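Visitor: Please take me through one part of this model at close range. I would like the strand pairing and the packing around it in one connected account.

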Amino acid sequence: QVSLVESGGGLVQAGGSLRLSCVVSANTFGGLGLGWFRQAPGKEREFVGDIRWTSGRTNYADFVQGRFTITTDNANNTAYLQMNDLTPEDTAVYSCAARVAWSTTFKYWGQGTQVTVSS
């Protein structure tokens, strides 16, 4: 069983930065993958990026273009999504999700946090 709690969303001007946090509670972090997704109004949810918890290997969607970085703080069981150079097109509800035991399916989801970028 895994539980996820996000925080850090808010309102930011275009060109600004935000850091989202995802506190993870899990029985084991071996084989755990942590992903970030977003869903804008009227659009389907899309993959932002993910990280393998133990190796730190990351993977990002093409639209990130080096602006976003996913990291983990193992001491605090927290994953972060650092977002820089934000644009109004980045406005969405951002959610973290976890897949366990080297699964390819994100089974556990956080509640989401709103990110709004003003022009």
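**A close look at strands 7 and 8**

Guide: Strand 7 and strand 8 run antiparallel and share six bridges. The model is predicted. One of the contacts across this pair joins Asp73 to Thr78, its bridge partner in strand 8. Strand 7 also holds Thr71. Thr71 is partly exposed, at 37% relative accessible area.

Now widen the view to the sheet. Strand 7 and strand 8 belong to an open sheet of four strands, in the order 1-3-8-7, with antiparallel pairing. Strand 1 and strand 7 are its edge strands, since each pairs on one side only. From one strand to the next, the twist averages 20°. In general, strands of a sheet pair through backbone hydrogen bonds, in a parallel or an antiparallel sense.

Next comes the packing. The largest nonpolar core has 30 residues. Leu4, Val24, Leu34, Trp36, Leu81, Met83 and Tyr94 touch the most other members. Several strands give two or more residues to this core: strand 1 (2-7), strand 3, strand 4, strand 5, strand 7 (68-73), strand 8 (78-83), strand 9 and strand 11 (113-118). Strand 7 and strand 8 are therefore both among the contributors.

One distance leads from strand 7 to another part of the chain. Thr71 and Leu34 are 37 residues apart in sequence, yet their C-alpha atoms are 9.7 Å apart in space. Leu34 is one of the core residues that touch the most other members. Its bridge partner is Ile51, in strand 5.

That bridge opens a second region of pairing. Strand 4 and strand 5 pair in the antiparallel sense over six bridges. They form a hairpin with six residues between the strands. In that hairpin, Gly42 takes a positive phi near 75°. Follow Ile51 onward: Thr58 in strand 6 stands opposite. Strand 5 and strand 6 are antiparallel too, over three bridges. Their hairpin has five residues between the strands. Gly56 sits in the turn, with a positive phi of about 80°.

Back in the four-strand sheet, strand 3 carries one end of a covalent link. There is one disulfide. Cys22 is joined to Cys96, with an S to S distance of 2.1 Å. Cys22 lies in strand 3 (residues 18-26) and Cys96 in strand 9 (residues 92-99), so the bond ties together parts that are 74 residues apart in sequence. The torsion about the S-S bond of Cys22 and Cys96 is about 70°, so this disulfide is right-handed. Cys22 is buried, with a relative accessible area of 0%. Cys96 is buried as well, also with a relative accessible area of 0%.

Aromatic contacts add further links. The whole structure has four aromatic pairs. One of them joins Phe29 and Trp53. Their ring centres are 5.0 Å apart, with 45° between the planes, and the pair is tilted. Phe29 lies in the loop between strand 3 and strand 4 (33-39), and Trp53 in the loop between strand 5 (46-52) and strand 6 (58-60), so the pair ties together parts that are 24 residues apart in sequence. Phe29 counts as buried, at 16% relative accessibility. Trp53 also counts as buried, at 4%.

Phe37 and Phe106 make another pair. Their ring centres are 5.1 Å apart and their planes stand at 80°, so the pair is edge-to-face. Phe37 lies in strand 4 and Phe106 in the loop between strand 9 and strand 10 (108-109), so parts that are 69 residues apart in sequence are tied together. Phe37 and Phe106 are both buried. Ring pairs also bring in other partners: Phe37, Phe47, Phe106 and Trp109 form a cluster.

Two arginines sit over rings. Arg45 lies over the face of Phe37, at 5.9 Å from the ring centre. Arg19 lies over the face of Tyr80, at 4.1 Å from the ring centre.

Finish where the tour began. Strand 7 is an edge strand of the sheet, pairs with strand 8 in the antiparallel sense, and gives two or more residues to the largest nonpolar core.

Conventions
Residues numbered from 1 in each chain as written. Predicted model: local features only at pLDDT ≥ 70, side-chain atom pairs only at ≥ 80, totals over all residues. Heavy atoms only, no water. Disulfide = S-S within 2.5 Å. Buried < 20%, exposed > 50% of the residue type's maximum accessible area, 1.4 Å probe, protein only. Phe/Tyr/Trp six-rings, centres within 6.5 Å; stacked < 30°, edge-to-face > 60°. Lys NZ or Arg CZ within 6 Å of the ring centre and 35° of its normal. Core = buried A, V, L, I, M, F, W, Y, C linked by side-chain atoms within 4.5 Å. Pairing = 2+ DSSP bridges. Axes fitted to C-alpha atoms, helices over the stretch in contact; angles between N-to-C directions.
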